[in-house]
Amino acid sequence: MAELSMATFTDTVIGAIGPGATPRVRTVMTALIRHLHDFAREVKLTTPEYRAACDFIVRIGRMSDDKRNEAVLASDVFGLESLVDVLDHHHAERGAATDSAVLGPFWREHSPLLDHGASIVRGGQEGESVFVCGRVLGVNGRPVGNARIAVWETAPNGLYEQQDPEQPDFNLRGQFCTDAEGRYAFRALRPIAYPIPFDGPAGELLQMMDRHPFRPAHIHFRVRAPGYHELVTQIFDRDDRYLASDSVFAVKDSLTVEFRPAPAGADTRWHVAFDIVLEPLAG
Ligand code: BEZ
Ligand code: FE
């Protein structure tokens, strides 16, 4: 066996990629190997540190199940989901489409389809009520009817329903369809800032780096309409103290909204208007 020379070691590992690798696998793995090796060289990674990193990945896996995705959490702490979101969603640069924001680990498919204006509160905790409404439009300004908008948020205790056995199934989640004018509306609770789960490896990262775990108050949106790019985004409370230090780096100025006192006679305390602009698939 030929002795491995440090000068050519990285090229040797990259050169071991076989002819059957797809072009994309070759591109990604070549860059990954190069960056991993450069990283280890730059920080002069020690054997105990290397073993701790492997153990860290094992613990991420052990802590994850269908209700908790520690891999997403850990990557979020590094800003990776937000970076990929920016790299992969350049629609807003090309037109007037609404900015995207990270999906995060707490999305659930198949939340209840509710009537226009219905409440996503299914029980449990007290909170301040809010009416959220707006229109879904194409970049040409035309309304998008029959768009499906899924929304989700934490309860006032900072927990999503799947994290909290005290909350009813699908509490604070729902889906709404836009009407022919592109209008949607729902009732919810004014969101609060909450900490991402920090009792596992992601929390260890935060602690090591002397960072707090909080996300600014937000409501998640996932908008799907035939003929348009899917939009995954969040609206953020413009008055939140954590806007500039989101633990997962997902805030975009264009996504901050004002929670205004609702008009007299309204049945909620707060009112938020948020229009959503979608990019057509061919655009
Ligand atoms: C969320 O907003 O639900 C979230 C996003 C990233 C990491 C943790 C939570
Ligand atoms: Fe969230």
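How far from an oxygen atom of ligand 1 does a polar side-chain atom of tyrosine 160 lie? In this predicted model, the separation is 3.2 Å. Two histidines join tyrosine 160 in pointing polar side-chain atoms at ligand oxygen: for histidine 218 the distance to an oxygen atom of ligand 1 is 3.0 Å, and for histidine 220 it is 2.9 Å. With the protein in place, 100% of the 260 Å² that ligand 1 exposes when taken alone is buried.

It is worth a look at the space itself. The room taken up by ligand 1 is the largest cavity. Two elements each give two or more residues to the shell around the ligand, namely helix H4, spanning 70-77, and strand S7, spanning 218-224.

A tour of the shell follows. Around ligand 1 stand Leu73, Asp76, Gly104, Pro105, Phe106 and Tyr160, together with Tyr194, Ile196, Arg215, His218, His220 and Val248. By class, these shell residues comprise 7 nonpolar, 3 polar and 2 charged. Tyr160, His218 and His220, which belong to this shell, are also the residues with the polar approaches described above, at 3.2 Å, 3.0 Å and 2.9 Å respectively.

Finally, the chain as a whole. The domain assignment splits the protein chain into domain 1, covering 21-58, and domain 2, covering 70-278. Between the C-alpha centres of domain 1 and domain 2 there is a distance of 34 Å.

Conventions. Residues numbered from 1 in each chain as written. Chains lettered and ligands numbered in written order. Predicted model: local features only at pLDDT ≥ 70, side-chain atom pairs only at ≥ 80, totals over all residues. Heavy atoms only, no water. Near = heavy atom within 4 Å. Polar contact = N/O pair within 3.5 Å; in protein donor to acceptor, adjacent residues only side chain to side chain. Areas by Shrake-Rupley, 256 points an atom, 1.4 Å probe, with all protein chains shown as cover. 1 Å grid on protein atoms, 1.4 Å probe; cavity = no way out; pocket = protein on both sides within 12 Å on 5 of 7 lines; lining within 4 Å. Sits in = over half its atoms within 2 Å of the grid points. Helix = DSSP H or I, 4+ residues; strand = E, 2+ residues; numbered from the N terminus. Nonpolar A, V, L, I, M, F, W, Y, C, P; charged D, E, K, R; others polar. Domains from an automatic or database assignment.
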